[in-house]
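Grab a pencil and work through these exercises one at a time. Try each task yourself before you read the solution below it.

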Amino acid sequence: MTDALYTVVMAINYVSLIYVLAISTIYLIQLLSATFGLREYSRSLRYTDYARYVFSDNMVPISVLVPAYNESATIVDNTKNLLSLDFGHYEVVVVNDGSKDNTLELLMDAFKLIRVNQPYKRSIPTAEVRGIYRSAMYPNLVVVDKENGGKADALNAGINVSMYPVFVSIDADSLLERSSLAKIIYAFMVDPKCVAVGGIIRIASGCEIVDGELKEIDLSNKPILMLQTNEYLRAFLTGRIGFHKMGMLLIISGAFGAFNKQAVIDAGGYTARCIGEDMELVVKLHGKMLKDKRAYSIKFLPDPVCWTQPPDSLGDLKKQRKRWHIGLIDTLLRHRDMAFNPEYGRIGLFCLPYFWIFELIGPLFEVAGYISVPISFVLGIVDLHFMITFFLVAVLYGIILSVGALLLEENTFRKYPRVSQILKLFAYAVLDNFGYRQLNTIYKVEATFGYRKNKSSWGSIKRRKMGEN
């Protein structure tokens with residue numbers, strides 16, 4: 001091996017080791033921050049009686065927006081769930097985004113919809129709205145039928161038609177717990193500066209769901225679903241809470257988030273044909289508020305719960321994760337002027353640079369290390385100590401983070417009360433770090449190299465009926 005090649009290989013090895021050590025340390029800091037954040041949240045619950053606010057006439061009314069494209073498998077159960085929530089004044093706005101299946105027909109039949117001539121203000125440009133439907137059975141249900149324009153365009157149409165000052169966006173394959181609206185709106189009540197709030201997403205696979213109602217919380221027997229259950233707990237109970245605690249929350253999941261409608265309209269609404277419209281909107285809100293020098297807050301709450309269906313095959317998982325990463329790349333490129341820009345405060349100087357360095361570029365170094373370090377050991381370039389150090393850092397930190405998230409879950413919420421459930425979660429928290437996490441990193445690298453080709457393609461993931469596992 002030439003000296004130049006040796007230098008390149010060693011550089012890859014050390015950069016990969018430094019990256020894995022740095023990102024793991026950051027995740028550990030987030031875990032510690034989340035621990036303090038959850039402790040504060042738990043204390044606040046002692047003095048907050050949400051039952052008082054459920055049907056109070058003084059609560060801010062909410063519009064729940066559901067973008068739907070080819071959602072025939074879940075749309076009826078999803079809508080039934082949303083119409084049964086414990087909250088006084090709210091509406092459910094389902095937007096049929098030019099579905100090619102029978103999504104609209106199922107809604108019309110299940111809820112006896114009638115087409116109405118309903119005027120509305122077109123605050124945000126959207127694809128053509130073909131019709132608006134209402135139900136005599138459920139006065140607070142509105143169904144919008146429009147030409148296909150993508151999820152962001154459907155949400156913009158829902159914003160235009162909606163009546164209330166706060167809207168909640170939720171995916172059509174998800175369910176809300178009955179108290180979720182009361183809990184998420186409380187953040188706006190106690191903080192007038194709040195413009196957006198994210199809620200926690202949990203995996204519904206394994207749970208008993210009947211007619212859109214969550215009857216019993218349980219775990220799936222499929223390994224791929226269990227691995228995602230742990231992954232979601234780690235991401236939300238450490239990452240999201242950690243960023244929230246530091247005042248740098250950049251992602252509110254498209255599956256469940258609440259927004260000040262006027263703030264979103266002022267920011268231009270969701271960006272049409274944007275593959276990562278959820279993160280992009282939050283970054284856009286940060287940019288708008290900071291540029292206008294307006295006091296604001298964007299929060300995450302770990303208690304208002306949304307239950308969702310994850311992919312149940314490796315093929316669909318790959319599509320989803322590549323799509324998420326392409327959405328990240330697209331958002332960072334659209335707002336590249338904010339990164340390292342002191343005009344945008346901690347978002348510009350710390351948060352966005354973190355996403356550029358560790359979430360976008362970092363997976364390239366990590367995968368390079370997975371390839372380079374073992375080859376270097378076989379060729380005698382590095383010793384056994386170096387290789388063990390690399391993989392211990394990569395795996396051991398991951399186990400600590402996964403187990404730490406489960407301890408936070410068990411100590412705070414106890415959604416999984418049975419001992420068998422806890423043991424099962426802990427087992428998969430360990431297994432998660434021996435292949436699954438590395439596979440997701442590979443998907444990110446594939447997405448990075450395929451960005452230009454796939455940046456306008458959502459792909460399709462097979463939907464299952466609620467309660468199927």
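**Exercise 1.** Does H325 count as buried or exposed, judging by its relative accessibility? Keep in mind that you're looking at a predicted model.

*Solution.*
- Step 1: Find the residue. H325 sits in helix 10, which covers residues 314-334.
- Step 2: Recall the cut-off. Buried means under 20% relative accessible area.
- Step 3: Compare. H325 has a relative accessibility of 4%, so it counts as buried.
- Step 4: Look for a partner. The side chain of H325 makes a polar contact with the side chain of T448, at 3.3 Å.

**Exercise 2.** Work out which strands stand at the edges of the open sheet, and why one side of each has no neighbour there.

*Solution.*
- Step 1: Write down the strand order. The open sheet is built from 10 strands, in the order 3-4-5-2-1-6-11-8-12-7, with mixed pairing.
- Step 2: Read off the two ends. These are strand 3 (113-116) and strand 7 (174-176); each has a single partner strand, so one side of each is left without a neighbour in the sheet.
- Step 3: Add the twist. On average, neighbouring strands of this sheet are turned by 30° against each other, direction ignored.

**Exercise 3.** Take three strand pairs from this sheet and sort out in which sense each one pairs.

*Solution.*
- Step 1: Start with strand 2 (residues 90-97) and strand 5 (residues 141-146). They pair in the parallel sense over 6 bridges, and V93 has V142 in strand 5 as its bridge partner.
- Step 2: Go on to strand 8 (residues 194-203) and strand 12. This pair is parallel too, with 9 bridges; here G198 stands opposite F300 in strand 12.
- Step 3: Finish with strand 7 and strand 12. They run antiparallel and are joined by 3 bridges, and L176 has C306 in strand 12 as its bridge partner.
- Step 4: Check how covered strand 12 is. Spanning residues 297-308, strand 12 has 12 of its 12 residues buried.

**Exercise 4.** Describe the largest cavity: how much space lies in it, and which residues line it?

*Solution.*
- Step 1: Set the scene. There are 4 cavities of 30 Å³ or more in the structure.
- Step 2: Give the volume. The largest cavity holds about 50 Å³ of space.
- Step 3: List the lining. You'll find K151, L155, S169, I252, S253, G254, F259, Y270, E277 and D278 around the largest cavity.
- Step 4: Sort the lining by character. It splits into 4 nonpolar, 3 polar and 3 charged residues.
- Step 5: Trace the helices. Helix 5 (151-161) and helix 9 (277-291) each give at least two residues to this lining.

**Exercise 5.** Look at the backbone of N70 and R273: what sign does phi have in N70, and what sign in R273?

*Solution.*
- Step 1: Check N70. Its phi is positive, about 55°, although N70 is not a glycine.
- Step 2: Place N70. It's in the loop between strand 1 (62-68) and helix 3 (75-83), and with a relative accessible area of 28% it is partly exposed.
- Step 3: Check R273. This residue isn't a glycine either, and its phi is positive, near 55°.
- Step 4: Place R273. It's in the loop between helix 8 (261-266) and helix 9.
- Step 5: Apply the cut-off. Exposed means over 50% relative accessible area, and R273 has 58% relative accessibility, so it counts as exposed.

Definitions and conventions
Residues numbered from 1 in each chain as written. Predicted model: local features only at pLDDT ≥ 70, side-chain atom pairs only at ≥ 80, totals over all residues. Heavy atoms only, no water. Pairing = 2+ DSSP bridges. Helix = DSSP H or I, 4+ residues; strand = E, 2+ residues; numbered from the N terminus. Axes fitted to C-alpha atoms, helices over the stretch in contact; angles between N-to-C directions. 1 Å grid on protein atoms, 1.4 Å probe; cavity = no way out; pocket = protein on both sides within 12 Å on 5 of 7 lines; lining within 4 Å. Points joined across faces, edges and corners; volume = space filled by probe spheres on them. Nonpolar A, V, L, I, M, F, W, Y, C, P; charged D, E, K, R; others polar. Buried < 20%, exposed > 50% of the residue type's maximum accessible area, 1.4 Å probe, protein only. Polar contact = N/O pair within 3.5 Å; in protein donor to acceptor, adjacent residues only side chain to side chain.
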